[in-house]
Every structure is written in C-alpha cells, then in structure tokens.
Amino acid sequence: MFEELSQSGVNIEDAISRCMGNGELLEKLYRIFPDCIRKANVKESFETGNIDAAFSGAHILKGMTGNLAMTQIFKAYCDIVEFLRNSEVDKAFNKYINMLPLQDAIVKVIEKYQ
C-alpha cells in the first residue's frame, strides 16, 4: 500500500515519522481515512448549502490529511477552510471539486488493501 500511496503523492516517509516509525499504526490510520471522508460529508454539505457543516468536515479532513502526509490534499483543504472562513463559498467548492480526483485516487488505493 505504501508504495502505491507514494506514487499518488503521499509522503510516506514523513507519515511514518509522524507515527514514530510505526508502520502498522500508519496503515491502520490510512485504512480509516475513506470512512472519515464519508462521515465528513463535505460534498453533500456544499450541495445542500450547509456551509457550517462543509467547514467542519473540511477542517477535520485538513487535520487528517496533514497528519497522514497527503500533502496536495492537505494544501487543498487548507485553502478550502480559509475560503470558507472568508465566506468565499464558490472558491471553496471549486477548490474541493478540483482536488476530488486526487482524493478519490488515494481512497481507491487504500480500499484495495481493506
């Protein structure tokens, strides 16, 4: 799994160091990531106009992607959260939609190993 995630732009070396070298722990954290995305309901929140929920979900995923060293996704969530703080909903949604293919690709890799 780690090799494929690395090919998708995930900084595995950084992620393992965040887990104090514990690869098993990191693998467990990656395996819960897809479920966290579903529970965050960011897309649904945007689509229903529930901007507070979109902000909350994006903020949670920002932290998670940062800890899992999913750098590109993390940076996108940082922007999304900042746009929402500034009531720039259209910019936040566009950033989210543009980041979604990469996030979906990473989830697909993780789900292969479930």
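**Salt bridges in close-up**

**View 1. Arg-38 and Glu-111 join in a salt bridge across two helices.** In this predicted model, the side chains of Glu-111 and Arg-38 meet with an N to O distance of 3.3 Å; a salt bridge is a side-chain nitrogen of Lys or Arg within 4 Å of a carboxyl oxygen of Asp or Glu. Arg-38 belongs to helix H3 and Glu-111 to helix H7 (residues 89–112), so the pair ties together parts that are 73 residues apart in sequence. Helices (H or I, at least four residues) are DSSP runs, numbered from the N terminus. Glu-111 is partly exposed at 37% relative accessibility, as is Arg-38 at 48%; partly exposed lies between buried (under 20% relative accessible area) and exposed (over 50%), with a 1.4 Å probe and protein chains only.

**View 2. Asp-35 and Lys-39 form a salt bridge within helix H3.** Their closest N and O atoms are 3.2 Å apart. Both residues lie in helix H3 (residues 23–40), four residues apart, about one turn of the helix. Lys-39 is exposed, with 63% relative accessible area, whereas Asp-35 is partly exposed at 33%.

**View 3. Glu-82 and Arg-85 form a salt bridge within helix H6.** The closest N and O atoms of this pair are 3.4 Å apart. Helix H6 (residues 71–85) holds both, three residues apart, about one turn of the helix. Glu-82 (38%) is partly exposed, and so is Arg-85 (46%).

**Notes.** The structure holds eight salt bridges, including those shown in these views. Residues are numbered from 1 along each chain as its sequence is written, and side-chain values use heavy atoms, without hydrogens and water. Local features need pLDDT of at least 70, side-chain atom pairs count only at pLDDT 80 or more, and totals for chains, interfaces and linings use all residues.
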